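Dear colleague,

Please find below the structure that I am handing over to you. My notes on its pockets, its cavity and one pair of helices follow it.

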Amino acid sequence: MKRLSFVLLAVLVAVTLCIPKAANATELAKQPNIMVFLIDDMGVMDTSLPFLTDADGQPKRYPLNDYYHTPGMERLAQQGIRFNQFYAMSVCSPTRISIMTGQNAARHRATNWINPANDNRGKYGASEWNWMGLKKGDVTLPGVLREQGYQTIHVGKGHFGPTKSEGADPANLGFDVNVAGAAFGAPGSYFGEKHYGGASRRKHHAVPGLEAYHDTPTFLTEALTLEAKKVVSETVETGKPFYLYFAHYAVHAPFDSDPRFADRYKDSGKPANAQAFATLIEGMDKSLNDMLDHLDKIGEAENTLVLFLGDNGSDAPLGNQHTVACAAPLRGKKGAHYEGGMRVPFIAAWAKRNDDNPLQKQLQIPANVIQDQVASVCDLFPTIAQVTGTKMPAGHVIDGKPLQTLLTGQADSSRDEQFLMHYPHGVHRSNYYTVWRNGDWKAIYHALPSEKSTGGSIQSTSHYQLFHLKDDPFESNDLAKKQPEVLKRMIGEMAEQLKAHQAVYPVDAAGKELPPVLPE
């Protein structure tokens with residue numbers, strides 16, 4: 001019996017020695033980790049990393065690229081691909097719910113930022129819009145990933161539903177862990193000394209769950225990063241893959257200057273609030289760098305797909321919302337119907353490149369490449385579902401399409417170059433408008449053009465605007481009167497799209513709905 005046991009032991013040792021030993025845990029992993037790194041109110045020009053390109057498709061720097069300092073974004077882009085025509089909704093809650101559901105805001109109907117306390121539809125706003133946002137039982141990306149075996153982690157800004165609604169707590173929406181997420185979108189304060197709003201006049205926007213950092217000089221962006229690193233490490237210890245939705249409150253107002261970076265901008269000649277905005281940008285960039293370093297430290301960087309993006313156009317306090325200013329050379333800013341209000345940075349990369357990694361072989365993202373095909377926030381849900389092998393839930397309409405082909409740097413002829421942005425609300429940077437992009441053409445319909453926008457600005461002298469973005473990327477030449485047939489076709493397509501999405505519309509003084517009307 002002893003001889004038999006010895007023989008069996010010898011056989012097991014021999015077999016074990018013949019099995020190639022994995023270099024690290026990454027090689028054995030079957031499911032990638034996912035980190036969605038979402039920045040509030042960051043447009044495509046709020047970075048030292050150039051996204052816009054010249055006539056030859058090469059990155060082109062503009063003055064704002066030399067003002068901001070974002071080495072973390074530059075590092076991530078060197079490892080992967082960035083998109084220069086990536087669209088979000090023009091304000092925050094619509095985009096965030098589109099990421100959660102894969103649906104365009106016209107369909108999920110949370111078409112405005114969600115005021116935590118009051119229905120902010122606007123005087124002529126759509127009465128049936130989805131002010132309550134998401135609720136328990138709704139199909140969400142973290143919900144389906146949790147069923148796939150993922151630990152789902154929410155860190156930072158929620159803004160999925162008003163106070164006391166189910167959507168106010170991300171833990172009701174498919175997240176296993178919620179750190180600092182609540183109903184509001186703007187923090188009470190970025191300062192630990194002010195309890196992130198709790199010890200200020202903005203107590204109603206005090207960021208919850210960060211009491212350990214109260215009365216310390218820990219800036220909000222840093223506190224969230226420390227918490228994210230801690231939760232990720234704890235999850236890795238369990239052996240489960242993670243989905244980290246890291247949604248910074250930065251760079252949303254109030255524009256509290258991050259003292260760690262203030263010296264860089266003090267001689268810039270920019271106003272104090274614009275300097276503070278730049279420090280918020282640099283702070284979130286340090287957070288990105290820190291997360292990449294941490295993933296490397298714990299051995300998960302090669303196994304983690306990072307998707308970096310902004311939630312709407314820039315809110316940098318530089319110039320009027322309808323001019324070339326805070327997003328220069330793009331026109332407009334957050335909330336506006338121009339490109340500066342909807343174009344956002346998007347970078348996709350593995351946290352650390354290793355072309356021999358089995359997971360990276362399945363999604364081969366090239367290094368330092370710019371993708372110029374149109375994509376949007378609605379595409380994240382189906383992309384992540386496909387990467388993780390997660391089945392689309394039956395009966396749930398998805399407006400986005402997987403980005404896999406585009407992420408490899410190739411063109412995808414199956415994708416239409418289209419984007420729909422519907423905002424049946426006011427008063428904001430622009431009011432009661434719809435944008436429809438199809439190919440190089442972009443049409444804008446103003447349901448109530450005479451209604452002045454924020455600051456008393458005139459958003460348009462007509463119901464219609466029309467731009468050819470290939471020839472006029474900065475929207476300086478309105479072709480609505482010069483191209484009547486194109487305008488009529490585009491407005492007709494817009495109306496069809498809204499109908500197909502079962503959209504709700506602004507109303508007139510008598511309460512009658514105001515869908516787009518074809519020009520005469």
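What volume does the largest pocket have? Its volume is about 710 Å³. Please bear in mind that this is a predicted model.

The largest pocket is lined by 23 residues, and T53, N84, Q85, L469 and K470 are the closest of these to its centre. By class, this lining holds nine charged, eight nonpolar and six polar residues.

The second largest pocket encloses about 370 Å³ of space. Its lining has 17 residues, of which D399, G400, D416, Q418 and F419 lie closest to the centre. Two elements, strand 10 (375–376) and strand 11, each give two or more residues to this lining. Strand 11 provides the largest share, with three residues. Sorted by class, the lining of the second largest pocket comprises six nonpolar, six polar and five charged residues.

I turn next to the enclosed space. How many cavities of 30 Å³ or more does the structure hold? There is one, and the volume of the largest cavity is about 40 Å³. Its lining is formed by H422, Y423, P424, Y432, Y433, T434, Y445, A447, Y505, P506, L514 and P516. Strand 11 (418–423) and strand 12 (433–438) are the elements that give two or more residues to this lining. The residues around the largest cavity are 10 nonpolar and two polar, with no charged residue among them. Strand 11 therefore deserves your attention when you view the model, because strand 11 appears in the lining of the largest cavity and also in that of the second largest pocket.The last topic is a pair of packed helices. Helix 8 (residues 220–238) and helix 9 (residues 272–297) pack with their axes 10 Å apart and at an angle of about 20 degrees. Because angles under 35 degrees count as roughly parallel, helix 8 is described as roughly parallel to helix 9. The crossing of helix 8 past helix 9 is right-handed.

Which residues of helix 8 meet helix 9? They are T221, E222, T225, A228, K229, V232 and S233. On the side of helix 9, the residues met are G283, M284, K286, S287, D290, M291, H294 and L295. By class, this contact has six polar, five nonpolar and four charged residues.

With kind regards

How values were computed:
Residues numbered from 1 in each chain as written. Predicted model: local features only at pLDDT ≥ 70, side-chain atom pairs only at ≥ 80, totals over all residues. Heavy atoms only, no water. 1 Å grid on protein atoms, 1.4 Å probe; cavity = no way out; pocket = protein on both sides within 12 Å on 5 of 7 lines; lining within 4 Å. Points joined across faces, edges and corners; volume = space filled by probe spheres on them. Helix = DSSP H or I, 4+ residues; strand = E, 2+ residues; numbered from the N terminus. Nonpolar A, V, L, I, M, F, W, Y, C, P; charged D, E, K, R; others polar. Axes fitted to C-alpha atoms, helices over the stretch in contact; angles between N-to-C directions. Parallel < 35°, antiparallel > 145°, perpendicular 65-115°, else oblique. Left-handed = near helix turned anticlockwise from the far one by under 90°. Contact = heavy atoms within 4.5 Å.
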